[in-house]
Structures are given as C-alpha cells and as structure tokens.
Amino acid sequence: MFYEIKIRDHIRVPPKLLGENVEESVLSSLNNKYDSGFISKELGSVIAVAGVEEVKEGVIIAGDGAAYYDTIFRLLIFKPEIQEVVLGSVTDITDFGVFFNMGAIDGMIHISQTMDDHVTANKSGSLAGKDSKKVLKTGDKCRARVIAVSYKDINNPKIGLTMRQPWMGALSWLDKQRKESEKRTKER
C-alpha cells in the first residue's frame with residue numbers, strides 16, 4: 001500500500017551546507033538520507049521526500065562540525081501488506097517462477113502460484129498452462145495478491161505473491177474472462 005506519512009527525525013546537515021537556506025539544506029540532507037531505495041522494516045520502501053513541515057533550531061555537535069535539526073517531514077512510502085492486491089508487470093521468468101515489479105519494489109511469484117493449472121517453463125522465456133493454454137511472458141501486466149513479506153535481509157526484502165485466486169493473473173486473461181462472463185450472462 002502507498003502511504004504518505006509524517007516523521008520526526010534529527011537530520012544532519014553537513015558543514016558545506018551551513019551557509020545555505022536552512023530548509024533547503026535540511027531538504028537536501030533528507031533527500032540524501034531517504035533517497036529512493038531506502039528500505040526499513042518499519043517504513044517499507046521510501047519513494048520520495050514529500051516535504052518539510054517544520055525545522056526547529058539546530059545543534060552543532062563538537063568534533064563533527066555538522067548541524068543537527070529536529071525536523072518534521074513527510075515521506076511517500078510503499079509498504080506491502082499481506083492480502084493486498086497489487087498491479088505490476090512481469091520483469092523476468094525463470095524455471096522456478098516469475099519476478100514481478102510493483103513499481104516501488106519487486107516481488108516473486110513461485111511457478112506453482114502463477115496459475116491454477118499444471119505450468120511449464122518454455123525455452124522462449126514464458127510460462128504456459130497445460131489445460132488452460134494461458135501463457136505468461138515478460139512484460140505482461142498482472143494483478144496479484146501479496147501472501148508473504150519478509151524484511152529478514154533489509155537490503156533485499158522478500159515479497160511473495162500469488163495469482164492463483166479469482167480475478168488474479170495477467171490482465172489479458174482477466175479481460176478474456178470478463179468477456180466470457182458477460183457473454184454467459186447475456187445468454188441467460
């Protein structure tokens with residue numbers, strides 16, 4: 001889920017920025033500290049610094065030379081939650097599953113969770129369902145559900161997803177499924 005959150009932190013402004021506008025210096029330091037790619041168990045993945053709300057008086061610590069400002073600011077974050085439905089695209093297909101980009105972070109869909117069918121990996125870099133004849137390939141836009149989130153390795157969080165539930169999978173499959181459902185409804 002995407003959130004905008006308000007945080008309070010002591011932000012270090014290096015000596016080279018001390019002659020500048022305080023809010024601009026603090027914002028620059030915030031952007032360095034919370035650059036896109038910053039991940040924590042509590043926050044999830046930081047997308048961007050949304051703005052500075054308040055900068056209190058700074059304190060200079062002996063031996064450091066930098067100023068530390070008690071700051072309240074807003075962050076845009078992405079924190080996947082169990083059972084959340086996400087949209088994304090297939091970035092890579094392997095013999096064990098699919099890597100899935102949700103915009104802010106990548107997840108993984110095990111081959112057994114890609115479709116409700118016997119699935120095989122093709123040499124062409126796609127997955128195919130034996131009975132359904134569904135094909136999943138790199139670049140396909142999909143809808144999936146988050147089933148596992150692990151921050152055990154904070155630099156490489158693991159997000160597990162499934163597409164084996166109703167109305168999950170490649171958007172092209174879902175469009176075809178919707179049209180078939182509408183056709184059956186009209187025939188009644």
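**Exercise 1.** Which residue in β9 is the bridge partner of Thr120? Place the answer in its sheet.

*Solution.* The model examined here is a predicted one. In β9, Thr120 has Ala128 as its bridge partner. This bridge can then be set in the pairing of the two strands: β8 and β9, the latter covering residues 126-129, pair in the antiparallel sense over three bridges. Widening the view, the strands belong to an open sheet of three strands with the order β8-β9-β10 and antiparallel pairing. Its edge strands are β8 (119-121) and β10 (135-137), each of which pairs on one side only. From one strand to the next, the twist averages 20 degrees.

**Exercise 2.** Determine the strand order of the four-stranded open sheet, identify its edges, and find the helix that packs on it.

*Solution.* The four strands follow the order β1-β4-β3-β2, and their pairing is antiparallel. At the edges stand β1 (2-13) and β2 (39-40), each with a single partner strand, so one side of each is left without a neighbour in the sheet. For β2, the pairing with β3 (residues 44-60) is antiparallel and runs over two bridges; within β3, Ser45 is the bridge partner of Ile39. The helix is α1 (residues 22-33), which packs on the sheet by touching β1, β3 and β4 (67-78), with a direction that makes about 110 degrees with that of β1.

**Exercise 3.** Describe the aromatic pair formed by Tyr34 and Phe73, and compare its geometry with the pair formed by Phe96 and Phe99.

*Solution.* The structure holds four aromatic pairs. Tyr34 and Phe73 form a tilted pair, with 5.4 Å from centre to centre and 45 degrees between the planes. This pair links distant parts of the chain, since Tyr34 lies in the loop between α1 and β2 while Phe73 lies in strand β4, 39 residues apart. Both Tyr34 and Phe73 are buried. The pair of Phe96 and Phe99, by its geometry, is edge-to-face, with 6.1 Å from centre to centre and 85 degrees between the planes. Accessibility is the next step: Phe96 has a relative accessible area of 39% and is therefore partly exposed, and Phe99, at 30% relative accessibility, also counts as partly exposed. Finally, ring pairs link Tyr34, Phe38 and Phe73 into a cluster.

**Exercise 4.** Is Thr94 buried or exposed, and which residues does Thr94 touch beyond those up to four places away in sequence?

*Solution.* Thr94 is found in strand β5. The cut-off for a buried residue is under 20% relative accessible area, and Thr94, at 16% relative accessibility, therefore counts as buried. Leaving aside residues up to four places away in sequence, Thr94 touches Phe99, Ala121 and Leu127.

**Exercise 5.** How many residues does the largest nonpolar core have, and which strands each supply at least two of them?

*Solution.* The largest nonpolar core has 23 residues, and those with the most contacts inside it are Phe100, Met102, Leu136, Leu161 and Met163. The strands β5 (85-94), β6 (97-101), β11 (141-150) and β12 (158-162) each supply at least two residues of this core. Apart from it lies another core, of 15 residues, which includes Ile11, Val13, Tyr69 and Leu75.

Definitions and conventions
Residues numbered from 1 in each chain as written. Predicted model: local features only at pLDDT ≥ 70, side-chain atom pairs only at ≥ 80, totals over all residues. Heavy atoms only, no water. Core = buried A, V, L, I, M, F, W, Y, C linked by side-chain atoms within 4.5 Å. Buried < 20%, exposed > 50% of the residue type's maximum accessible area, 1.4 Å probe, protein only. Pairing = 2+ DSSP bridges. Contact = heavy atoms within 4.5 Å. Axes fitted to C-alpha atoms, helices over the stretch in contact; angles between N-to-C directions. Phe/Tyr/Trp six-rings, centres within 6.5 Å; stacked < 30°, edge-to-face > 60°.
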